Amino acid sequence: MSFPATRLRRLRKSAVTRNMIRETRLNRSNLVMPLFVKHGSNIMNPVTSMPGNYQFSVDRLTEHCKMLAGSGVQSVLLFGIPEKKDETGDVASSPDGIVQQAIRSLKNEIPGLFVIADVCNCEYTVHGHCGTIINGDVDNDSTLTTLARQSLSLALAGADMVAPSDMMDGRVAAIRKVLDNNNFHNLPIMSYSAKYSSAFYGPFREAAESKPEFGDRATYQMDPANKDEALREVALDVEEGSDIVMVKPALGYLDIINEIKGNFNIPVAAYNVSGEFSMVKAAAEKGWIDEKRIVMEILTSIKRAGADIIISYHTKDIIAEL
Ligand SMILES: [Zn+2]
């Protein structure tokens, strides 16, 4: 049937029918808040390029998470800034590592909060790359050892889920194996499966102090031009035992999210990254956009594309609206 019998504006006329037929709804359970933790006490260093975000010491992080949980945030993703860095990032596997301390504190004080731990070496290496450098490049297979060790250490500290973000080949299998061998067969892995070598990560590197000292991450992260390769990455991660696959960044990669959701029967996460967040904040500060409406629209579009889980720095600002 066509016009005039069909008029799509009929159902748009009232707010009630608009709500009735809304196809995509954000829920609190969709959102994950990323947070940065560092050594010391009573520290809350603002990240200047990411307004409203901080590097917290464990005590202040715990306090902040109590507030977040009280406002409806159900899950957080932790990134650590260590006191000392080393060549391989092995410092990240210390039982007293900064993220391990944070996990123990959060699980003690806010047991209902779901704590996801990022797994990577870039915050922990002196050179800022995601793995062990051999002959001027990140060596894949030796990095798997450090990633597996780091994952086990985070699991032992009480993490509810680990999220490897390094993009090494074979890391999901290596992590799954070490977790299973140590009785963590029920601990899920959310792998950054299609992580692009993106300029949108700029502000994060200030927050996590993880800027590479030389070169870039193009030898391990994906070329933004590629889609088939994303599907191959996801297929491998699924085969290796990933429970959730992730696309990062989100906004420029909605087609990738959509394609993965359509091709695999697996939960999909999307990371609405620092650059995406900071652009919104900067425009809002200038009064050029309506921040709340823009954020709802952005997050809804990421969910509409197919993401079940959205990791976003906007989480804390928007959770009360959901
Ligand atoms: Zn990394």
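How many bridges join β5 to β8, and do these strands run parallel or antiparallel? Four bridges join the two strands, and they run parallel. The legends below describe close-up views of a predicted model.

**Figure 1. Strand β5 pairs with β8 and with β4.** On the side of β8, I116 of β5 has M161 as its bridge partner. Strand β5, which spans residues 114-119, is also joined to β4 by four bridges, and this pair runs parallel. Two facing pairs may be located in the view: S75 stands opposite F114, and V76 stands opposite V115. Five of the six residues of β5 are buried, so the strand is largely enclosed by the rest of the structure.

**Figure 2. Strand β4 is buried on both faces.** The strand comprises residues 75-81, and seven of its seven residues are buried, so β4 is largely enclosed by the rest of the structure. In a regular strand, side chains alternate between the two faces of the sheet. In β4, one side carries S75, L77, F79 and I81, while the other carries V76, L78 and G80. Strand β1, formed by residues 31-38, is joined to β4 by six bridges, and the two run parallel. Within this pairing, K38 stands opposite I81.

**Figure 3. A right-handed β-α-β unit is made by β4, α3 and β5.** The helix of this unit, α3, covers residues 98-109. The contacts of L78 may be traced here: leaving aside neighbours within four places in sequence, this residue is in contact with L35, V37, V99, A102, I103, V115, I116, A117 and D118.

**Figure 4. The largest nonpolar core contains 85 residues.** In soluble globular proteins, nonpolar side chains tend to be buried together. In this core, the residues that touch the most other members are V76, L78, A117, I257 and A270.

**Figure 5. Helix α5 has buried residues that pack against helices and strands.** The helix extends over residues 171-181, and its buried residues are R171, V172, A174, I175, R176 and L179. An α-helix has 3.6 residues a turn, so residues three or four places apart point the same way. The buried residues of α5 pack against two helices, α4 (140-157) and α7 (228-240), and against two strands, β8 (161-164) and β9 (190-195).

**Figure 6. Two asparagines, N135 and N183, have a positive phi.** For N183, phi is about 70 degrees, although the residue is not a glycine. Its place is in the loop between α5 and β9. Because N183 has 9 C-beta neighbours inside 10 Å, it counts as exposed. For N135, phi is near 50 degrees. This asparagine lies in the loop between β6 (132-134) and β7 (137-139). N135 is likewise exposed, because 5 other C-beta atoms lie within 10 Å.

**Figure 7. Cis peptide bonds precede P4 and P249.** The bond that joins F3 and P4 has an omega of about 10 degrees. P4 belongs to the segment before α1, a helix of residues 15-20. The bond that joins K248 and P249 has an omega of about -5 degrees. P249 is found in the loop between β10 (244-248) and α8 (254-263).

Methods
Residues numbered from 1 in each chain as written. Predicted model: local features only at pLDDT ≥ 70, side-chain atom pairs only at ≥ 80, totals over all residues. Buried ≥ 20, exposed ≤ 12 C-beta atoms within 10 Å, placed from the backbone. Contact = placed C-beta atoms within 7 Å. Pairing = 2+ DSSP bridges. Right-handed = clockwise from strand over helix to strand, strands pointing away. Core = buried A, V, L, I, M, F, W, Y, C linked by C-beta atoms within 7 Å.
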